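User: Could you walk me through this one slowly? I'm new to reading structures and would like to ask as we go.
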Amino acid sequence: MSFIKSLRCKECGAQYPVEPRTVCDNDFGPVEVEFDYEAMRGKVTRQSIESGPRSLWRYRDLLPIDGEPRAGLRSGFTPLIKADRLARELGVKELYIKDDSANYPTFSYKDRVVAVALTKAIEFNFDTVGCASTGNLAHSVAAHAAAAGIRAFVMIPHDLEEGKIIGSLVFGPRMVKIRGNYDDVNRLCSQIADKYNWAIVNVNLRPFYTEGAKTHGFEIAEQLGWQLPQHTVVPVAGGTLLPKVYKAYREFITLGLVEDNKPRFYAAQAAGCNPVSQAIEQGTNLFKPQKPNTIAKSIAIGNPADGYYVINLVNESQGYSASAQDQEILDAVKLLAQTEGIFTEPAGGTTLACAIKLIESGRIPRDESICVCITGNGLKTVEVMQGQFAKAPVINAKMTEFDQIVEQIAETPPQTTQPPVKA
Ligand SMILES: *Cc1c(COP(=O)(O)O)cnc(C)c1O
Ligand SMILES: [Zn+2]
């Protein structure tokens with residue numbers, strides 16, 4: 001049973017059949033999957049969802065597939081954590097972390113979008129899949145393709161972190177490193193999709209890929225006991241996740257599964273790549289493309305495909321945005337690790353650092369519910385943390401030497417009380 005109506009252009013409303021496609025033929029506007037919510041009424045309920053698998057496929061009625069899921073059968077349904085220690089540190093009442101650093105199998109939010117895109121690629125009978133990636137997407141495409149037995153090509157900028165490269169190569173894809181930044185990689189991938197007729201998940205399968213991101217938002221709402229947080233802080237790279245978490249909340253409201261509490265959305269970007277945050281702060285809905293220069297490489301997209309929609313949705317929801325400097329990002333990574341035991345990559349540090357700024361500036365009230373979306377795992381990018389910690393002492397295996405260390409530690413303040421990042 002499928003509730004898909006068609007693909008529809010977000011600009012002119014032109015309708016297209018469900019097929020591989022990126023944009024509208026009339027105006028190059030992005031096309032989006034449109035569902036029949038009337039037909040879902042009474043069929044898609046809290047109970048029907050709760051009786052589904054403990055994966056993102058519990059929301060399959062709201063995802064654009066026709067048959068059975070074919071990839072990412074264990075992806076999604078990551079923890080939503082009530083972060084009380086971090087909340088105390090930040091002086092806020094009710095704080096949640098949606099933790100996609102624990103996503104399966106490749107530890108980022110990308111496992112969601114790829115689960116849906118590869119299922120669709122198999123439905124469309126593609127024999128090769130690929131992606132333009134800042135790192136995490138390549139991991140996820142490579143892993144899911146290996147598990148499904150499909151050939152994969154992953155295209156990445158030439159200067160990614162070593163962990164991001166090995167973490168893809170281990171799954172056996174063809175990897176091509178492209179001189180230039182993500183935007184150059186993406187442009188080439190559009191041509192590759194046309195010429196070779198491959199399923200490039202974030203190009204010609206983009207309408208299906210992006211729907212997978214809704215599951216991050218569905219889970220927040222369900223795991224919060226069928227409620228929406230009042231404030232949701234989301235990292236922005238190409239601009240897929242934020243509008244889709246928004247769409248997820250709206251769909252649950254439309255279906256009567258949650259109450260409309262007028263949720264507000266906040267875009268988090270690194271200061272070294274913040275076209276969207278800059279536009280929001282300047283009060284325009286046209287962003288200026290940038291050349292990225294930040295340690296948060298997985299969100300370093302200077303010309304975001306869906307940036308325009310992010311800006312409009314953030315403004316429409318009466319949210320706002322912030323940008324974080326590299327050191328603020330690293331401090332936030334440490335703070336999350338040392339208060340909640342969650343090690344995120346710089347993208348997650350960016351989101352938390354921006355949330356802190358929005359709280360301290362009063363944009364996010366301290367007494368309302370806040371959800372911070374953590375989208376990737378720090379173990380993939382350990383090298384960015386180098387030099388952030390005092391060297392561990394080396395001793396001989398003698399009790400007297402260990403005693404000396406314990407004495408020294410007693411004299412110095414413990415490492416676990418890092419000051420919170422200041423705006
Ligand atoms: C891809 C990615 C994002 C968000 O990207 P969008 O293109 O805006 O959806 C955020 N965090 C991490 C770790 C990512 O890999
Ligand atoms: Zn159009």
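**Domains, interface and metal site**

Analyst: Gladly; in this predicted model, the protein chain is divided into domain 1, made of residues 80-107 + 213-385, and domain 2, which covers residues 110-210.

User: How many Å separate the centres of domain 1 and domain 2?

Analyst: Taken over C-alpha atoms, the centres of the two domains are 24 Å apart, and where the domains meet, 30 residues of domain 1 are in contact with 21 residues of domain 2.

User: And what area do they bury between them?

Analyst: Domain 1 and domain 2 bury about 2000 Å² between them, with 45% of that on carbon and sulfur atoms. On the domain 1 side, Thr106, Lys297 and Lys380 lose the most area to domain 2, and together they account for 28% of what that side buries.

User: How many salt bridges and polar contacts does the interface have?

Analyst: The rule finds four salt bridges across the interface, and it also finds 17 residue pairs in polar contact there. As for where the domain 1 side comes from, helix α9 (residues 214-223) gives the largest share of what touches domain 2, namely four residues. Sorted by class, that side has nine nonpolar, ten polar and eleven charged residues.

User: Which side chains meet in a salt bridge at 2.7 Å?

Analyst: That one joins the side chains of Asp100 and Arg112, with the distance taken from N to O.

User: Changing topic, what coordinates the zinc ion?

Analyst: The zinc ion (ligand 2) is coordinated by the SG atoms of Cys9, Cys12 and Cys24, and by Asp27, which is listed twice through OD atoms, at 2.3 to 2.6 Å. Along the sequence, these donor residues follow the spacing C-x2-C-x11-C-x2-D.

User: Why do Cys9 and Cys24 tie together parts that are apart in sequence?

Analyst: Cys9 lies in strand β1 (residues 4-9), whereas Cys24 lies in the loop between β2 (15-16) and β3 (31-35), so the pair ties together parts that are 15 residues apart in sequence.

User: One last thing, where is the cis peptide bond?

Analyst: It joins Tyr104 and Pro105, with an omega of about 10°, and Pro105 is found in the loop between β5 (94-99) and α4 (110-123). Phe107 also lies in the loop between β5 and α4, and its phi is near 65°, which is a positive value in a residue other than glycine.

Conventions:
Residues are numbered from 1 along each chain as its sequence is written. Chains are lettered from A and ligands numbered from 1 in the order in which they are written. This is a predicted model: local features need pLDDT of at least 70, side-chain atom pairs count only at pLDDT 80 or more; totals for chains, interfaces and linings use all residues. Side-chain values use heavy atoms; hydrogens and water are left out. Domain bounds come from an automatic or database domain assignment. Contact means heavy atoms within 4.5 Å. Buried area is the accessible area (1.4 Å probe) that two parts lose on being put together, summed over both. A polar contact is a pair of N or O atoms within 3.5 Å; within protein, one must be able to donate a hydrogen and the other to accept it, and residues adjacent in sequence count only if both atoms are side-chain atoms. Helices (H or I, at least four residues) and strands (E, at least two) are DSSP runs, numbered from the N terminus. Ala, Val, Leu, Ile, Met, Phe, Trp, Tyr, Cys and Pro count as nonpolar, Asp, Glu, Lys and Arg as charged, and the others, Gly among them, as polar. Donors are N, O and S atoms within 2.8 Å of the metal (3.2 Å for Na, K and Ca); water is not among the atoms, so sites may look incomplete.
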